[in-house]
Amino acid sequence: MATARSALRMTSRMAAMPRPAASRALPAFAQRAFLSGSTAPRKSEVIKETEIPVSVYTPDAKGVNHATSDHTSIPVRRNPQGPPPAVEEEPMKTITPLTNEVYSKMPSTMQKMSVKDKVIIITGGARGLGNYMARACAEAGAKAIVIFDANQELGDQSAAELHEASGLPVVFYKVDVRDGSAINTAVENVVEKFGAPDVLVNSAGIADSNIPAETYDPAMFRRLIDINLTGSFLMAQAVGRSMIAAGKPGSIILVASMSGSIVNYPQEQSCYNASKAGVIQFGKSLAAEWAKYNIRVNCISPGYMDTALNKVPALDAQKKIWKSLTPQNRLGAVDDLNGLCVFLASDASGFMTGSNVAIDGGYTLY
Ligand SMILES: NC(=O)c1ccc[n+]([C@@H]2O[C@H](COP(=O)([O-])OP(=O)(O)OC[C@H]3O[C@@H](n4cnc5c(N)ncnc54)[C@H](O)[C@@H]3O)[C@@H](O)[C@H]2O)c1
């Protein structure tokens, strides 16, 4: 008997009938759907920085915000590449960081759910979901926020805004998550500045969508796997090593996707789906390996989120289908991961490791 879901799929399938011909007429780059940061070079190349631009925003000696900003570079021990396009992000509202006074009055359960005094590295924090999770961590008590992103302009701007809005130290490293040497160098620099990080949130990622497997350019396939999967590994390795060396417990949060567990409809995106399935299984493996170091590793698997890159007219037809297949009948808001991110970063999730938590408005229920 046809279920409501299959009936919906049939309706959606019919609604989507004219789409393939239309979408396939588009050049491949124009067919990328949600959240793709991959409009830049199409060919596979590993980004190798020779220097890492660092923008440090700290309060001055009297504790006044945004008084000192310091733009420097640190050399990578050994080797470059262009950023994804700029997309307008919502202006930052004032962030009220958790003060010692407020913290001391909070019930112990709420204290445990904060990230008080934690040093938090967030990749992909220049915009989108990563940027909002960075804002949430700043509100929830972080001692310092560190953004790793390949987009120099946006990364610098968002670090400056986050510092101004929160008064916290915020450091931006222009690092590509494919560049292991740059990552190691930047993480070492974080340790020098703040001590070993307590938390890594790996949100950097790209998507190629509406590309049938039979015409998928292998170079593009490799590039996406390199960013989404190998990038998760390189980041986790560098940050994990610094936690292990410091003998410090830690939390690693990998942003995967529901696409790691289901196949999206109607767009064809085998590579993205495979990359996120890899992230989930990598996260579980790492959780098992590193439990002995008291390092927890969990994945967040978002459904369709209303981030900047989904806000393009070419996706309107598909977005209707995505919504109709989501029980909550909406896309996720850009801050819908915030609460889970803070919880997973906090000590309140101390017995949680190896989990993969869906935040998808119910999409994967049917
Ligand atoms: N938006 C969605 O619908 C959705 C759904 C499921 C999962 N996700 C995942 O959430 C994460 C964030 O998505 P988003 O919507 O915020 O995307 P976004 O494109 O708005 O932000 C991604 C950020 O990652 C950075 N980035 C891209 N490639 C990089 C690289 N090689 N090195 C360093 N930084 C790089 C970009 O500069 C950008 O700041 C991604 O991993 C994505 O796969 C998103």
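A polar contact here is a pair of N or O atoms within 3.5 Å. The model is predicted. With that cut-off in hand, the ligand site is a good place to start.

**The ligand site**

An oxygen atom of the ligand sits 2.9 Å from a polar backbone atom of Met-305. That pair is a polar contact, because the cut-off is 3.5 Å. The protein covers 99% of the 830 Å² of accessible area that the ligand has on its own. Two elements give two or more residues to the shell around the ligand: α5 (128-139) and α9 (270-290).

Nitrogen atoms of the ligand have partners too. The table lists the three contacts.

| Residue and its atom | Ligand atom | Distance |
|---|---|---|
| Met-305, polar backbone atom | oxygen | 2.9 Å |
| Val-177, backbone N or O atom | nitrogen | 3.0 Å |
| Asp-176, polar side-chain atom | nitrogen | 3.0 Å |

Which residues come nearest to the ligand? Of the 31 residues around it, they are Arg-127, Leu-129, Asp-149, Tyr-272 and Met-305. Met-305 thus appears both in this group and in the table. By type, the shell holds 18 nonpolar residues, nine polar ones and four charged ones.

**The second largest pocket**

Rolling a probe the size of a water molecule over the atoms shows where empty space is left. The second largest pocket has about 230 Å³ of space. Its lining consists of 13 residues. Lys-93, Tyr-132, Arg-135, Asp-335 and Asn-338 lie nearest the centre of this pocket.

Which helix gives the most to that lining? α5 does, with four residues. Helix α5 also gives residues to the shell around the ligand. The pocket lining divides into six nonpolar, two polar and five charged residues.

**A salt bridge within one helix**

The count of salt bridges comes to six. One of them joins Lys-105 and Glu-101. Their closest N and O atoms are 3.2 Å apart. Both residues belong to helix α3 (residues 100-105). They are four residues apart, about one turn of the helix.

**Two backbone details in loops**

Tyr-265 and Pro-266 are joined by a cis peptide bond, with omega about 10°. Where is Pro-266 found? Pro-266 is in the loop between β7 (250-255) and α9. Helix α9 is also one of the elements that give residues to the ligand shell.

Asn-210 is the other detail. Its phi is positive, about 55°, although Asn-210 is not a glycine. Asn-210 lies in the loop between β6 (199-202) and α8 (218-246).

Definitions and conventions
Residues numbered from 1 in each chain as written. Predicted model: local features only at pLDDT ≥ 70, side-chain atom pairs only at ≥ 80, totals over all residues. Heavy atoms only, no water. Near = heavy atom within 4 Å. Polar contact = N/O pair within 3.5 Å; in protein donor to acceptor, adjacent residues only side chain to side chain. Areas by Shrake-Rupley, 256 points an atom, 1.4 Å probe, with all protein chains shown as cover. Nonpolar A, V, L, I, M, F, W, Y, C, P; charged D, E, K, R; others polar. 1 Å grid on protein atoms, 1.4 Å probe; cavity = no way out; pocket = protein on both sides within 12 Å on 5 of 7 lines; lining within 4 Å. Points joined across faces, edges and corners; volume = space filled by probe spheres on them. Salt bridge = Lys/Arg side-chain N within 4 Å of Asp/Glu carboxyl O.
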